[in-house]
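This report describes the fold of a single chain, from its overall make-up to its sheets, core and internal space.

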Amino acid sequence: LINIRSELANIGSIKRLLKRKYKGRRIDILILTETKETAFSTQPKLHGYTRISTYDERSGEADSPRIGGVAAYISTRIEGRCHEIEVNHKRDNILWLRLKTRRGEAFLAAVYNRPGHPEEHTLNMSAITKNIEWLSKNHRNNEGIVVTGDMNTRLHQRTGDTASNAYKPEF
């Protein structure tokens, strides 16, 4: 998972990362958040990978800058076993993937929550919860559900941390 803060501006780094081997293997699934994609964006194509994405529908409108966005690069080695799925509670900036395993299937949610938008955050977290419940009920061979991404969530009730870390490298 990488919070890329503009996929197109960092495409060279993404290519280098996907070409590297880790313990003799390449990355099978790379999740990017804050891609800043719009309906008019160029769709990057990387050799050996299929790209799946979703974005904030407001991105690119006259009064809205490019915001949010989530993408996944799926290795062609596993693309027949990993694909986007439709869920009951779809939201912008949440991408759901299904990965077929040897014993069943696993699910992955890639999420981007904009900071400073508590109403959106509440709706996104509610949708994630409802989709987890739906997947758990309707997919009996479910080996697990992973929710990952840039939630921009403060954990002050558990940790006492209320400071914002937006654009502050000291955090």
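## Overall make-up

Among contacts (heavy atoms within 4.5 Å) in the chain between residues at least 6 apart in sequence, 61% link residues at least 24 apart. The model is predicted, with local features needing pLDDT of at least 70 and side-chain atom pairs counting only at pLDDT 80 or more, whereas totals for chains, interfaces and linings use all residues. Residues are numbered from 1 along each chain as its sequence is written, and side-chain values use heavy atoms, with hydrogens and water left out.

The chain contains three helices and eight strands, these being DSSP runs numbered from the N terminus (helices H or I, at least four residues; strands E, at least two). Their order from the N terminus is β-α-β-β-β-β-β-β-α-β-α. Of the 171 residues, 38% are buried, a term that means under 20% relative accessible area with a 1.4 Å probe and protein chains only.

## Sheet with order 1-2-4-3

One open sheet has four strands in the order 1-2-4-3, with mixed pairing; strands pair if DSSP finds at least two bridges between them. Strand 1 (2-3) and strand 3 (49-54) are at the edges with a single partner strand each, so one side of each has no neighbour in the sheet. Strand 1 pairs with strand 2 (residues 29-33) in the parallel sense over two bridges, and N3 stands opposite T33 in strand 2.

Strand 4 runs antiparallel to strand 2, to which five bridges join it; T33 has V70 of strand 4 as its bridge partner. Six bridges join strand 3 to strand 4, again in an antiparallel arrangement, with R51 partnered by Y73. In strand 4, six of six residues are buried: V70, A72 and I74 point one way, and A71, Y73 and S75 point the other way. Helix 1 (residues 11-19) lies across strand 1, strand 2, strand 3 and strand 4 and runs at about 160° to strand 2, where axes are lines fitted to C-alpha atoms, for helices over the stretch in contact, and angles between N-to-C directions run from 0 to 180 degrees.

## Sheet with order 5-6-7-8

Another open sheet of four strands has the order 5-6-7-8, also with mixed pairing. Its edges are strand 5 (82-84) and strand 8 (142-150), each with a single partner strand, so one side of each is left without a neighbour in the sheet. Direction ignored, neighbouring strands of this sheet are turned by 20° against each other on average.

Strand 5 and strand 6 run antiparallel and are joined by three bridges; C82 has L99 of strand 6 as its bridge partner. Helix 2 (residues 118-138) packs on the sheet and touches strand 6, strand 7 and strand 8, its direction making about 165° with that of strand 8.

## Nonpolar core

The largest nonpolar core (buried Ala, Val, Leu, Ile, Met, Phe, Trp, Tyr and Cys residues joined through side-chain atoms within 4.5 Å) has twelve residues, including I31, I52, C82, L108 and Y112. Strand 4 (70-75), strand 6 (94-100) and strand 7 (105-112) each supply at least two residues of this core. Beyond its neighbours within four places in sequence, I52 is in contact with V70, A71, A72, I74, H83, E84, L95 and L97.

Terms used:
Buried means under 20% relative accessible area, exposed over 50%, partly exposed in between (1.4 Å probe, protein chains only).
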